[in-house]
Amino acid sequence: MLFSRHLDKIRNCSELLKSFSGAGNEHLLVRAALSLLASDPALFDKCVSKHNPFLHEFLDHIDFSDPDHVPDVCFNLLECLAVIFREKELRMPYVPQQPEERDLLRYFEQCGEWLPDDEHMVSHWYWRHLPEQFGAPRHSSALH
């Protein structure tokens with residue numbers, strides 16, 4: 001119920017990002033992903049564990065108001081959203097990925113910032129922890 005309970009914050013963050021003029025790839029991907037979350041928060045409530053540390057980090061990052069922090073917030077939200085979308089994919093493989101999810105995951109996997117064997121916590125969760133938790137192969141998500 002965390003997404004449903006924080007729907008106003010998700011929408012407010014999305015609106016704030018719409019008003020930001022320096023739109024880069026990460027900014028556009030995050031804005032689209034937030035719109036997707038806002039359109040069906042109940043689905044994400046069902047598929048993302050309350051024990052996922054990126055869920056709590058996501059909730060912290062959507063609650064900002066200073067436009068000067070948009071680039072950093074978008075970077076952090078992109079990491080959180082990648083893990084959230086990955087968990088949805090693994091927990092509910094019968095639910096088709098939406099284009100917003102696919103685009104964000106493809107960017108996450110291909111931009112070179114996060115690699116399967118690096119030591120970033122987000123990489124560990126994305127490529128190792130979640131696949132192991134669900135008995136899935138460690139292959140990339142958006143590319144298969």
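# Exercises on a predicted all-helical model

Leaving out neighbours within four places in sequence, Phe134 makes contact with Glu87, Leu90 and Arg91. The model is predicted, and the exercises below begin from this residue.

**Exercise 1. Determine where Phe134 lies and whether it is buried, partly exposed or exposed.**

Solution.
1. Phe134 belongs to the segment that follows helix 8 (121–133).
2. Its relative accessibility is 26%. Buried requires a value under 20%, and exposed a value over 50%.
3. Phe134 therefore counts as partly exposed.
4. Of its contact partners, Glu87 is 47 residues away along the chain, and the two C-alpha atoms are separated by 8.9 Å.

**Exercise 2. Compare the span of helix 6 with the expected one, and state how many of its residues are buried.**

Solution.
1. Helix 6 consists of 22 residues.
2. From first to last C-alpha it reaches 30 Å, close to the 32 Å expected at 1.5 Å a residue.
3. Within helix 6, 16 of the 22 residues are buried, so this helix is largely enclosed by the rest of the structure.
4. Helix 6 covers residues 70–91; the partners of Phe134, namely Glu87, Leu90 and Arg91, can be located by that range.

**Exercise 3. Describe the surroundings of Trp114 and Ser123.**

Solution.
1. Trp114 is placed in the loop between helix 7 and helix 8, whereas Ser123 is placed in helix 8.
2. With a relative accessible area of 1%, Trp114 is buried. Ser123 has a relative accessibility of 0% and therefore counts as buried.
3. Apart from residues within four places in sequence, Trp114 is in contact with Phe75, Leu78, Glu79, Phe108, Val122, Ser123 and Trp127.
4. Under the same exclusion, Ser123 touches Trp114, Leu115, Asp118 and Arg128.
5. Trp114 and Asn76 are 38 residues apart along the chain, with 12 Å between their C-alpha atoms.

**Exercise 4. Characterise helix 3: its span, its buried residues and the helices they pack against.**

Solution.
1. Helix 3 comprises residues 25–39, which is 15 residues.
2. The distance from its first C-alpha to its last is 21 Å, close to the 21 Å expected at 1.5 Å a residue.
3. Its buried residues are His27, Leu29, Val30, Ala33, Leu34, Leu36, Leu37 and Ala38.
4. In an α-helix there are 3.6 residues a turn, so residues three or four places apart point the same way.
5. Among the buried residues of helix 3 are Val30, Ala33 and Leu37, to which this spacing may be applied.
6. The buried residues pack against helix 1 (2–5), helix 2 (7–18), helix 4 (41–47), helix 5 (53–61), helix 6 (70–91) and helix 7 (99–110).

**Exercise 5. Summarise the overall fold, dimensions and surface of the protein.**

Solution.
1. The protein contains eight helices and zero strands. Read from the N terminus, its elements run α-α-α-α-α-α-α-α.
2. The radius of gyration is 14 Å, close to the 15 Å that the globule rule gives for 144 residues, so the protein is as compact as a globular protein of that length.
3. Along the principal axes, the C-alpha atoms fill a box of roughly 40 × 30 × 25 Å.
4. Buried residues make up 47% of the 144.
5. Of the contacts between residues at least 6 apart in sequence, 66% join residues at least 24 apart.
6. The exposed area is about 7,300 Å², of which carbon and sulfur atoms supply 51%.
7. There are 14 positive and 23 negative side chains, and the centres of these two sets lie 8 Å apart.

How values were computed. Residues are numbered from 1 along each chain as its sequence is written. This is a predicted model: local features need pLDDT of at least 70, side-chain atom pairs count only at pLDDT 80 or more; totals for chains, interfaces and linings use all residues. Side-chain values use heavy atoms; hydrogens and water are left out. Helices (H or I, at least four residues) and strands (E, at least two) are DSSP runs, numbered from the N terminus. The expected span of a helix is 1.5 Å times one less than its number of residues. Buried means under 20% relative accessible area, exposed over 50%, partly exposed in between (1.4 Å probe, protein chains only). Contact means heavy atoms within 4.5 Å. The radius of gyration is taken over C-alpha atoms; the globule rule is 2.2 Å times the number of residues to the power 0.38. Accessible areas come from the Shrake-Rupley method with a 1.4 Å probe; for residues, only the protein chains shown count as cover. Lys and Arg count as positive and Asp and Glu as negative; His and the chain ends are not counted. The place of a charge is taken as NZ of Lys, CZ of Arg, CG of Asp or CD of Glu.
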